[in-house]
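Student: I would like to go through the labels attached to this model and ask, for each one, what justifies it. Could you set each value beside its definition as we go?

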Amino acid sequence: MNVTNNRVAVTAIGIVSPLGIGLPETVESLRTGRDCVGPVTRFDVSHCRCKTAAEVPDRGSQPILLRGGRDRLHPASHMMIRALDEALKQDPAFSPDLAVIGTTSGGMSFGEHYYRALARHSGLHKAPRWIANYPPQKPVIDALESFGIESPCHVIANACASGTNAIGHAFHCIRSGNHTRVLAGGYDALCELVFVGFDSLQAATPEKCRPFDADRSGMVLGEGAAVLALEEWESAQDRGATILAEITGYGISTDNHHLTQPNPSGIGARLAMEQALRTAALDPDRVDYINAHGTATRFNDSAEAKAIAELFPHDVAVSSTKSMMGHSLGAAGAIEAVVCIAAMQNSFLPPNINFRGTEDDVRLNIVANESKPHNVRVALSNSFGFGGTNASILLKAAPP
């Protein structure tokens, strides 16, 4: 059996997140360590412990003028459309064979509207719109249709690892030679059911989000969408595309330990990172920066910190950008992959804000509170979800 190991280039990226609409705003927010967490405005949280989230600015989830009927779509569709619009403006000739997108909640907020209207026995005149926009593939289809793209799509729903799983699956599709160009990414929009769920688990904090801090008290939810245009390296070179970065490794694992808690030893996280390094044939000391999963929950950060400290040299820079923009669930891995590419292109380390210090037994080189100039050539991005779903990808800066 012939085995191919095609190189995988990133030729364009698009992002919508609490950090901003598009890459320039995102980079500026990362450089300045902007805290995008604020009071929830989308629904009533008066009955919750946590009353904050990181919301995408309104202009990021509102229609853009592409074709009629856009105002009837779910906010997640508008975020996906904007992210894809930015990517295609960077690489107008990119035409994907396949789209692989991760999500966790899909159009769930429309499902909430439908359920409440049904319970009231009133207001069902909007039901067709809610039902039509509820499926998780709908925002992907809306984005593709908006730009005349007819490629098939795969939707991956694997808890908080979904966005990274989507990029990893797309990486394997190209690396194996089965596809030449794949659009990969993730999306999720804030919804009340998910928010209340995390609040009831006491996983969400009413305080600041403090990843890896000794006094961390929980996560803060966010939202957003990000897409990456992936292409077989020689194909991208042949058509003269600008190559932004290369995806070189992908690793996955499952803890099989607990529904919501990782294995305290960090073995699940370590296995995913080791596999990503092995795929890339890269030694741990070659990694310049780790964008940690870092949700600021007690158990998650402890397990991830152990895995990183055991596997990597202690001077590798580590930060969780969720401290600035919250945890966007299925979108997180895609957004954070874009953050890694932004760090490479702009030669800086994104900060881990709200940080005061780790526990005495935690040995991590945290990029504390402020961004730092640094030549980032290789970055690792981690995504670890409920049920022990772990995924890591390695990204390499494109040659100058």
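Student: Which word applies to Lys322 and Glu336, buried or exposed?

Tutor: Both Lys322 and Glu336 are buried, a word that stands for a relative accessible area under 20%, with exposed meaning over 50% and partly exposed the range in between, using a 1.4 Å probe and protein chains only. This is a predicted model, in which local features need pLDDT of at least 70 and side-chain atom pairs count only at pLDDT 80 or more, whereas totals for chains, interfaces and linings use all residues. Residues are numbered from 1 along each chain as its sequence is written, and side-chain values use heavy atoms, with hydrogens and water left out.

Student: Why is the pair of Lys322 and Glu336 called a salt bridge?

Tutor: The closest N and O atoms of Lys322 and Glu336 are 2.8 Å apart, and the pair therefore meets the rule, which asks for a side-chain nitrogen of Lys or Arg within 4 Å of a carboxyl oxygen of Asp or Glu. Lys322 belongs to helix 11 (residues 322-325) and Glu336 to helix 12, so the partners are 14 residues apart; here helices (H or I, at least four residues) and strands (E, at least two) are DSSP runs, numbered from the N terminus. Elsewhere, salt bridges with shared partners connect Asp91, Arg181, Glu231 and Arg239 into one network.

Student: How many salt bridges does this rule give, and what makes Arg216 and Glu359 a pair that ties together separate parts of the chain?

Tutor: The count comes to 15 salt bridges. Arg216 and Glu359 qualify with closest N and O atoms 3.1 Å apart. Arg216 lies in the loop between helix 7 (192-200) and strand 8, while Glu359 lies in the loop between strand 12 (348-349) and strand 13 (365-366), so the pair ties together parts that are 143 residues apart in sequence. The two partners fall into separate classes of burial, because Arg216, at a relative accessible area of 4%, is buried, whereas Glu359, at 23%, is partly exposed.

Student: How do you know which class of burial fits Arg270 and Glu310?

Tutor: Arg270 has a relative accessible area of 24% and Glu310 one of 48%, so each is called partly exposed. Arg270 and Glu310 also form a salt bridge, with closest N and O atoms 3.3 Å apart. It links helix 9 (residues 267-280), which holds Arg270, to helix 10 (residues 298-311), which holds Glu310, the two residues being 40 apart.

Student: How many disulfides are there, and how do you know what state Cys36 and Cys50 are in?

Tutor: A search of the whole structure finds zero disulfides, the term requiring a pair of cysteine sulfur atoms within 2.5 Å. Cys36 is in none, since its nearest cysteine sulfur, that of Cys209, is 12 Å away. Cys50 is in none either, with the nearest cysteine sulfur, that of Cys48, 7.7 Å away. Cys36 is buried at a relative accessible area of 12%, and Cys50 is buried at 0%.

Student: What makes strand 1 and strand 8 paired strands?

Tutor: Two strands pair if DSSP finds at least two bridges between them, and eight bridges join strand 1 to strand 8 (residues 224-232), in the antiparallel sense. Within that pairing, Val8 stands opposite Glu232. Strand 1 (residues 8-17) also pairs antiparallel with strand 9 (residues 245-254) over three bridges, where Ala9 has Glu246 as its bridge partner. As for cover, 10 of the 10 residues of strand 1 are buried.

Student: Why is helix 6 described as largely enclosed?

Tutor: In helix 6, 12 of the 14 residues are buried, so the rest of the structure largely encloses it. Among the buried residues are Asn165, Ile167, Phe171 and Arg175.

Student: Which residues touch the most other members of the largest nonpolar core?

Tutor: They are Val10, Ile13, Ile167, Leu228, Leu230 and Ile341, out of 52 residues, where a nonpolar core is a set of buried Ala, Val, Leu, Ile, Met, Phe, Trp, Tyr and Cys residues joined through side-chain atoms within 4.5 Å. Helix 12 (residues 332-346) gives the most to this core, with nine residues. Leaving aside neighbours within four places in sequence, Ile167 is in contact (heavy atoms within 4.5 Å) with residues including Leu228, Leu230, Ile247 and Ala337.
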